[in-house]
Each structure stands twice: as structure tokens, then as C-alpha cells.
Amino acid sequence: MSLSENSAVSSAVPFLSLSPSESEIYQAVGDWISAVLGDGFNVIQGQQNQSPPPLNCFVTMVISNKERLATNGRHYTPDQKMVISDSSLFTIQVACVGKGSGEAISTLKTLWRDLSCCQFFIENLPSCAPVSSDNPVQEVLTTAENQYENRWSVGLRLNVLTEITLNQDSFSEIHLTTLST
């Protein structure tokens with residue numbers, strides 16, 4: 001038997017989705033920080049160019065590191081999709097700026113590995129789990145008016161199980177020719 005060159009192969013876009021996305025991770029972590037700190041701090045994603053910081057106390061979050069923890073996994077679904085999974089340890093650098101930022105960052109560090117935080121992620125983003133944190137560090141920050149601003153930061157580590165879903169190539173039609181010997 002030989003495969004005919006006329007066979008039709010599906011030409012669908014191979015890449016379908018990445019889950020969770022960075023925006024989903026930022027949303028979940030930001031929601032948790034907001035729930036812990038309440039209305040006293042505005043929570044924003046860091047590295048936003050040409051955007052002034054909030055006037056009151058605020059928290060910034062930046063994904064600063066992604067460390068691979070394991071070799072990729074792969075499985076197939078009945079609807080001809082291939083799912084590739086990757087376990088990584090994300091470090092999310094969180095900084096609190098303003099009055100009470102030292103207490104706020106200590107609270108985040110302490111509660112990051114508490115059962116309540118783990119339960120929050122189980123309910124809101126189950127592909128992620130809090131792992132550990134660095135010790136809080138005070139950082140020097142001066143304003144344009146050369147005034148000292150209270151700023152503390154901590155690295156929060158989050159285990160992220162990322163899945164990429166791909167279409168599998170498949171035949172929609174095949175032509176076979178029998179060769180006699």
C-alpha cells in the first residue's frame with residue numbers, strides 16, 4: 001500500500017490556546033491581594049509605561065521569573081486536540097508603596113502559604129498554587145520632590161501548570177493503491 005500524494009490534510013491553525021494566560025495570573029493574584037489588603041491599597045500591574053502611579057497607597061505586581069520544574073507532559077483528547085502541559089515556578093515581585101506598606105507586605109508574605117490563600121486559588125485559578133515567598137525588603141524610593149516614600153517588596157512564588165492546546169493534523173480523505181508483487 002502507498003499513500004497517495006492527493007490526500008487532504010487538515011490545514012486548521014495549529015495553536016488554539018494557552019491556559020492560564022499571564023493576564024489570568026495577574027487577575028487572580030491581584031484579586032487575592034485586594035481581598036487581603038482591602039480598600040487601603042490600589043492594586044496595579046507593574047511596568048505600565050506612560051501611566052502615573054496612583055496618588056494614594058498602591059501595590060504593583062510584576063512576573064519577574066519563570067523557572068521550569070519538570071519535563072513537558074502530553075495527552076490527546078477525543079476531539080483531535082493535543083494538550084501539552086508544563087509545570088513552572090513563577091516569581092511575582094510585589095511592591096507596596098505608601099503609608100503602612102511594611103505591614104501590608106508582611107501580611108501578604110504571611111498569608112501567601114496559608115490555607116485561605118491556597119483555597120482562594122483552588123476556587124479561582126486551580127492550575128496555580130502558592131508555594132513560598134522571599135523575606136520582605138525595604139527599598140529606597142524618592143519622589144520628584146526628593147521626598148522619601150515608604151516602599152516594601154516581596155517575591156511570591158506560584159506553581160503554574162500551563163497547558164497549550166494544539167490541533168492535531170489529520171486526514172479527511174485518503175487514497176490507497178495496492179501494489180502486487
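# Pairs, burial and sulfurs: a tutorial

Tutor: Strand 8 (residues 128-133) runs antiparallel to strand 10, and five bridges join them. Keep in mind that this is a predicted model.

Student: What makes strand 8 and strand 10 a pair?

Tutor: The cut-off is at least two bridges between the strands. Strand 8 and strand 10 have five, so they pair. One spot to look at is serine 133, which stands opposite leucine 156 in strand 10.

Student: How do you know that strand 9 counts as a partner of strand 10 as well?

Tutor: Strand 9 (residues 137-138) has two bridges to strand 10, and at least two are needed, so the pairing counts. These strands run antiparallel too. Here glutamine 138 stands opposite tryptophan 152 of strand 10.

Student: How many bridges does strand 10 make with strand 7?

Tutor: Strand 7 (residues 81-97) and strand 10 (residues 151-167) share 17 bridges, in the antiparallel sense. Isoleucine 84 has isoleucine 164 of strand 10 as its bridge partner.

Student: Which way do strand 4 and strand 5 run, parallel or antiparallel?

Tutor: Parallel: strand 4 (residues 42-45) pairs with strand 5 (residues 58-68) over four bridges. Isoleucine 44 has threonine 60 of strand 5 as its bridge partner. Threonine 60 also stands opposite alanine 95 in strand 7, and strand 5 and strand 7 are antiparallel, with 10 bridges between them. Overall, the chain has three helices and 12 strands.

Student: What makes a residue part of the largest nonpolar core?

Tutor: A member has to be a buried residue of the listed nonpolar kinds, joined to others through side-chain atoms within 4.5 Å. The largest such set has 30 residues, and Ile25, Val29, Ile33, Val94, Phe121 and Leu158 touch the most other members. Helix 1 (22-37), strand 5, strand 7, helix 2 (101-112), helix 3 (115-124) and strand 10 each put in at least two residues. Helix 1 gives the most, seven residues.

Student: Which residues does isoleucine 33 touch, leaving out those up to four places away in sequence?

Tutor: Gly38, Val43, Val59, Met61, Val94 and Leu108.

Student: Why is phenylalanine 121 called buried?

Tutor: Buried means under 20% relative accessible area. Phenylalanine 121 has 0%, so it is buried. Phenylalanine 120 comes out at 17%, which is still under 20%, so it counts as buried too.

Student: And why is glutamine 80 called partly exposed?

Tutor: Its relative accessible area is 44%. Buried stops under 20% and exposed starts over 50%, so glutamine 80 falls in between. Glutamine 80 lies in the loop between strand 6 (73-77) and strand 7, with phi near 60°, a positive value in a residue other than glycine.

Student: Why are tryptophan 32 and tryptophan 112 called an edge-to-face pair?

Tutor: By the ring rule there are three aromatic pairs in total. Tryptophan 32 and tryptophan 112 have their ring centres 5.2 Å apart, with 70° between the planes. Centres within 6.5 Å make a pair and planes over 60 degrees apart make it edge-to-face, so both tests are passed. The pair links distant parts of the chain, with tryptophan 32 in helix 1 and tryptophan 112 in helix 2, 80 residues apart. Both tryptophan 32 and tryptophan 112 are buried.

Student: What makes phenylalanine 120 and phenylalanine 121 edge-to-face?

Tutor: The centres lie 5.6 Å apart and the planes 80° apart. That is within 6.5 Å and over 60 degrees, so the label fits. Ring pairs link Trp32, Trp112, Phe120 and Phe121 into a cluster.

Student: How do you know that cysteine 57 is in no disulfide?

Tutor: The structure holds zero disulfides. For cysteine 57, the nearest cysteine sulfur is that of cysteine 96, 9.0 Å away. A disulfide needs the sulfurs within 2.5 Å, so cysteine 57 is in none. Cysteine 57 counts as buried, at 17% relative accessibility.

Student: Why is there no bond between cysteine 118 and cysteine 117?

Tutor: Cysteine 117 holds the closest cysteine sulfur to that of cysteine 118, at 5.9 Å. Against a limit of 2.5 Å, that is too far, so there is no bond.

Student: Where is the cis peptide bond?

Tutor: Between serine 19 and proline 20, with omega about -5°. Proline 20 sits in the loop between strand 3 (15-19) and helix 1.

Terms used
Residues numbered from 1 in each chain as written. Heavy atoms only, no water. Buried < 20%, exposed > 50% of the residue type's maximum accessible area, 1.4 Å probe, protein only. Contact = heavy atoms within 4.5 Å. Phe/Tyr/Trp six-rings, centres within 6.5 Å; stacked < 30°, edge-to-face > 60°.
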